[in-house]
Amino acid sequence: METRSSEPQPRIIIGTKENWEMVIGLEVHAQVVSDAKLFSSSSTIFGTSPNNNVDFVDAAMPGMLPVLNEYCVKQAIKTGLGLRAEINTYSVFDRKNYFYPDLPQGYQISQLYHPLVGEGEVFIELDPGVVRRIRIEHIHLEQDAGKSLHDIHPSFSYVDLNRTGIALMEIVSFPDLRSPEEAAAYILKLRQIMRYLGTCDGNMQNGNLRADVNVSVRPQGSDQLYTRCEIKNMNSTRFIQQAIDFEANRQVGIWEDGGEVQQETRLYDPGTGKTRSMRSKEEAHDYRYFPCPDLLPLEIDPAWIESIREDIPELPDELKKRLIRQYGVSNYDADVLVAEKEHAAFFEQVASSRNGKLAANWVINELFGSLNKAGLSINESPISPTQLGSILDLIESGEISGKIAKNLFEIIWAEGGDPLQVVDERQMRQVSDTGSIEVVVQEVLDENPAQVEKFKKNPKLAGFFVGQVMQKTSGRANPKLVNEMVYKLLSDT
Ligand code: MN
């Protein structure tokens with residue numbers, strides 16, 4: 001694959017006075033895949049009844065002490081390694097103090113001054129072959145808060161602490177993004193990598209991946225950073241793009257009117273398509289951060305980091321390059337195939353020692369198309385890689401045509417079975433024996449003397465005879481041979 005790093009293609013907002021560019025940075029909260037919470041043994045399972053998964057620690061009962069879940073640390077290190085980041089062997093948990101009903105401790109245990117993971121990088125590709133590097137500033141571990149429910153009772157609010165204390169990785173980017181599209185591509189790339197790693201399931205609907213988006217604008221070409229606003233807690237890439245668009249244009253309006261953008265936290269309302277002020281932005285000192293006295297600094301053995309590194313699977317960027325190199329698939333097809341690890345694995349089982357392009361074509365168009373239509377995941381596919389491989393073998397050997405292969409695919413999809421056996425039982429094999437094709441072609445010519453006369457004036461009409469022969473043989477005649485035979489016999493008449 002030919003890739004080149006590219007300069008950003010900033011989304012330009014044309015103002016009345018000058019042109020403006022967007023500057024975007026993201027803080028992504030990714031829920032760690034783990035059976036237990038970050039500092040307690042409560043379950044992290046989603047969708048149980050309210051306050052079912054709550055330990056004394058989660059409820060902040062007096063005297064309860066947090067115990068760090070080693071597995072969550074391992075998952076965060078794995079994520080850091082997958083994002084080509086430095087892992088800090090010394091990190092510290094801090095208390096971030098604020099009052100809110102869904103935070104029983106009165107503080108969130110987070111990491112501010114010494115995060116677990118340092119600088120890393122992610123590559124995004126908006127145009128084929130044009131790769132942009134987005135830098136990650138750091139990743140820290142922290143607890144999630146609970147959930148306030150305001151819509152159950154007319155005059156009371158309820159609190160569900162099931163989510164309280166679940167481990168989050170906060171992935172903070174540098175302000176390297178320059179358009180809503182780049183921001184969306186960046187989140188989806190993070191999601192993809194974490195799904196490959198098994199460290200975050202990326203389920204945005206359940207809120208397992210959500211982002212705070214920092215947006216500012218500046219005159220095109222400037223290298224200054226202007227005042228930014230933070231749009232909180234969004235879990236849809238579509239809304240994120242809409243919010244960035246609205247917010248950037250709002251800020252351009254303020255600057256051009258001679259005003260000044262105020263640093264603040266805003267909320268996006270998908271109903272109106274607008275952002276609105278939520279509160280003026282807190283600084284770190286507003287949260288009175290200090291090291292959590294209940295937890296020792298986290299010191300990590302470099303040998304442990306290396307053993308985790310050995311567990312890192314092949315990630316989408318490398319996998320994509322390999323699929324292109326090894327199977328000759330196109331850049332676009334490779335992107336589709338690596339979207340999910342299981343998709344690529346299925347493809348490789350079909351493609352190994354076969355024509356890679358043909359395999360990609362069938363996996364993407366027929367298989368993914370049918371799965372999509374049926375609302376099935378790849379793991380639920382009624383057709384196995386072995387069965388699809390057999391169908392491709394029949395095409396490659398010329399025993400069935402592409403058209404028959406599609407019928408065969410539908411039969412195997414609906415009824416199962418061995419494609420070779422089905423082809424025999426239903427006599428679907430392509431007729432490539434010239435003798436029997438000649439008989440049918442001659443029949444067709446004899447039945448259509450008027451068309452034969454017309455053909456003599458207009459040789460383009462040969463297609464008519466080919467069509468008739470294909471119909472008579474239920475599409476089984478080898479179309480190439482039929483074509484040759486039609487021309488041969490017609491020129492003899
Ligand atoms: Mn956070």
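Is Phe465 buried or exposed? Select Phe465 and take a look: at 0% relative accessibility, this residue counts as buried. Keep in mind as we go that you're looking at a predicted model.

**Stop one: the rings of helix H10**

There are 11 aromatic pairs in the structure. For one of them, select Phe409 and Trp413: their rings are stacked, 6.0 Å centre to centre, with 25 degrees between the planes. That angle is under 30 degrees, so the pair counts as stacked. Now show helix H10, residues 402-415: Phe409 and Trp413 are four residues apart in it, which means that about one helical turn separates them. Click on Phe409 alone, and you're on a buried residue with a relative accessible area of 2%.

**Stop two: back to Phe465**

Add Phe464 to your selection. The ring centres of Phe464 and Phe465 are 5.2 Å apart and their planes sit at 75 degrees, so this pair is edge-to-face. The cut-off for that label is over 60 degrees. Colour the two by accessibility: Phe464 is partly exposed at 29%, whereas Phe465, at 0%, is buried.

**Stop three: a cluster**

Next, select Trp20, Tyr226 and Trp255 together. Ring pairs link these three into a cluster.

**Stop four: charges over rings**

Which ring does Arg95 lie over? Show Tyr107, and you'll find Arg95 over its face, 4.0 Å from the ring centre. Then hop to Arg135 and Phe174: here the charged end of Arg135 sits over the Phe174 ring, at 4.1 Å from the centre.

Technical notes. Residues are numbered from 1 along each chain as its sequence is written. This is a predicted model: local features need pLDDT of at least 70, side-chain atom pairs count only at pLDDT 80 or more; totals for chains, interfaces and linings use all residues. Side-chain values use heavy atoms; hydrogens and water are left out. Rings of Phe, Tyr and Trp (its six-membered ring) pair if their centres lie within 6.5 Å; planes under 30 degrees apart count as stacked, over 60 as edge-to-face and the rest as tilted. Helices (H or I, at least four residues) and strands (E, at least two) are DSSP runs, numbered from the N terminus. Buried means under 20% relative accessible area, exposed over 50%, partly exposed in between (1.4 Å probe, protein chains only). A charge sits over a ring if NZ of Lys or CZ of Arg is within 6 Å of the ring centre and within 35 degrees of the ring normal.
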